[in-house]
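Visitor: Could you walk me through this fold, piece by piece?

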Amino acid sequence: MEPKKNPKADISRNSSIYFAVGLALVLLITYGAINFKTYDKSAIDIGLLDLGDEIEEEIPITEQLITPPPPPPPPAAPEEIEVIEDDEEVEETVIESTETDMDTKIVEVQDVVVDEVEEDIEVPFSVIENVPVFPGCENKSGNDAKKQCMSEKITQFVNKNFNTELAGDLGLSGRQRINVVFKIDKTGNIIGVRARAPHPGLEKEAQRVIGKLPKMEPGKQRGKAVTVQYALPIIFQVMD
């Protein structure tokens, strides 16, 4: 004969209820343990706190500045204007009319001589109609032949009179170039000599040599003597 269990004695019947109650108790105990705080009573000593006497703030004494009163307004202009008579006599300038009538006699004007003012015209050597004639080029026929003769004569003159050893004395070496510009005025004289070189000493030497050029027959433009501008490059090699 098998023994029969009492249904009331079956514990597994309410296991879910027991589990929920137990879980709630565990959570409650855990929450209380987390929020539980303890304090060290020896660390709190109210006697160490000294508030001291109450500090009274000193309010600075300010002095009230007394500003001077504004100046009184200017007196009002008088309503009546007094007119002062001027007894001084003023001479009036009378402008007479320059128009003439039929009865006015016409004065004959003598012939007026107008002096012609000669303009100092400068013409470049490349476009001059009649080039300046260097001494020794008079027998050349044609403007181009005289140009060629003049260029050759000036080159020969510069090569003969220029001190080529000056560049070595100045400490220069290699190829040296001097650009010279001068003018041949209406009388055939050399004027306005300018030079540009790597050293001032070369510029002075070029100006000295060009200034010694002989007087020439002046160039002409439209039959009149004019100033002719001439450019000359001087190039030489300094031998080491």
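The questions below go from the whole chain to the sheet, then to single residues and helices.

Guide: A note before we begin: this is a predicted model, in which local features need pLDDT of at least 70 and side-chain atom pairs count only at pLDDT 80 or more, while totals for chains, interfaces and linings use all residues. Residues are numbered from 1 along each chain as its sequence is written, and side-chain values use heavy atoms, with hydrogens and water left out.

Visitor: What pattern does the protein chain follow when read along the sequence?

Guide: Helices (H or I, at least four residues) and strands (E, at least two) are DSSP runs here, numbered from the N terminus. By that count the protein chain has 4 helices and 6 strands. Read along the sequence, the pattern is α-β-α-α-β-β-α-β-β-β.

Visitor: What share of the residues of the protein chain count as buried?

Guide: Buried means under 20% relative accessible area, exposed means over 50%, and partly exposed is in between (1.4 Å probe, protein chains only). Of the 240 residues of the protein chain, the share that counts as buried is 19%.

Visitor: In what order do the strands of the open sheet lie?

Guide: Two strands pair if DSSP finds at least two bridges between them. The open sheet has 4 strands, and its pairing is mixed. Strand 1 (122-124) and strand 3 (190-196) pair on one side only, which makes them the edge strands. The order is 1-6-2-3.

Visitor: How many bridges join strand 2 to strand 6?

Guide: For setting, strand 1 and strand 6 run parallel and share 3 bridges, with Val123 and Val228 as one bridge pair. Strand 2 and strand 3 run antiparallel and share 5 bridges, one of them between Asn179 and Arg196. Strand 2 (residues 174-184) also runs antiparallel to strand 6 (residues 227-238), and the number of bridges here is 11.

Visitor: Which residue takes a positive phi in the hairpin of strand 2 and strand 3?

Guide: This hairpin has 5 residues between the strands. The positive phi there is near 95 degrees, and it belongs to Gly188.

Visitor: Is Gln176 buried or exposed, and with what relative accessible area?

Guide: Gln176 lies in strand 2 and stands opposite Phe236 in strand 6. Contact means heavy atoms within 4.5 Å, and beyond four places in sequence Gln176 touches Pro198, Leu202, Ile234, Ile235, Phe236 and Val238. Gln176 counts as buried because its relative accessible area is 5%.

Visitor: Which residue's backbone oxygen does the side chain of Gln176 reach?

Guide: A polar contact is a pair of N or O atoms within 3.5 Å; within protein, one must be able to donate a hydrogen and the other to accept it, and residues adjacent in sequence count only if both atoms are side-chain atoms. The side chain of Gln176 makes one at 3.0 Å, and the backbone oxygen belongs to Ser173.

Visitor: At about what angle does helix 4 run to strand 3?

Guide: Axes are lines fitted to C-alpha atoms, for helices over the stretch in contact, and angles run from 0 to 180 degrees between N-to-C directions. Helix 2 (residues 143-161) lies across strand 2 and strand 6, at about 45 degrees to strand 6. Helix 4 (residues 200-211) lies across strand 2, strand 3 and strand 6, and its angle to strand 3 is about 155 degrees.

Visitor: How is helix 2 set against helix 4?

Guide: The two helices pack at an angle of about 125 degrees, with their axes 10 Å apart. Angles under 35 degrees count as roughly parallel, over 145 as roughly antiparallel, 65 to 115 as roughly perpendicular and the rest as oblique. Therefore helix 2 is, relative to helix 4, oblique.

Visitor: Which residues of helix 4 make the contact with helix 2?

Guide: On the helix 2 side, the contact is made by Phe157, Val158 and Asn161. On the helix 4 side, the residues are Glu205, Arg208, Val209 and Ile210.

Visitor: Which side chain does a polar contact join to that of Arg208?

Guide: Arg208 is found in helix 4 and is partly exposed because its relative accessibility is 38%. The partner also lies in helix 4, but is buried, with a relative accessible area of 9%. The polar contact is 2.5 Å, and that partner is Glu205.
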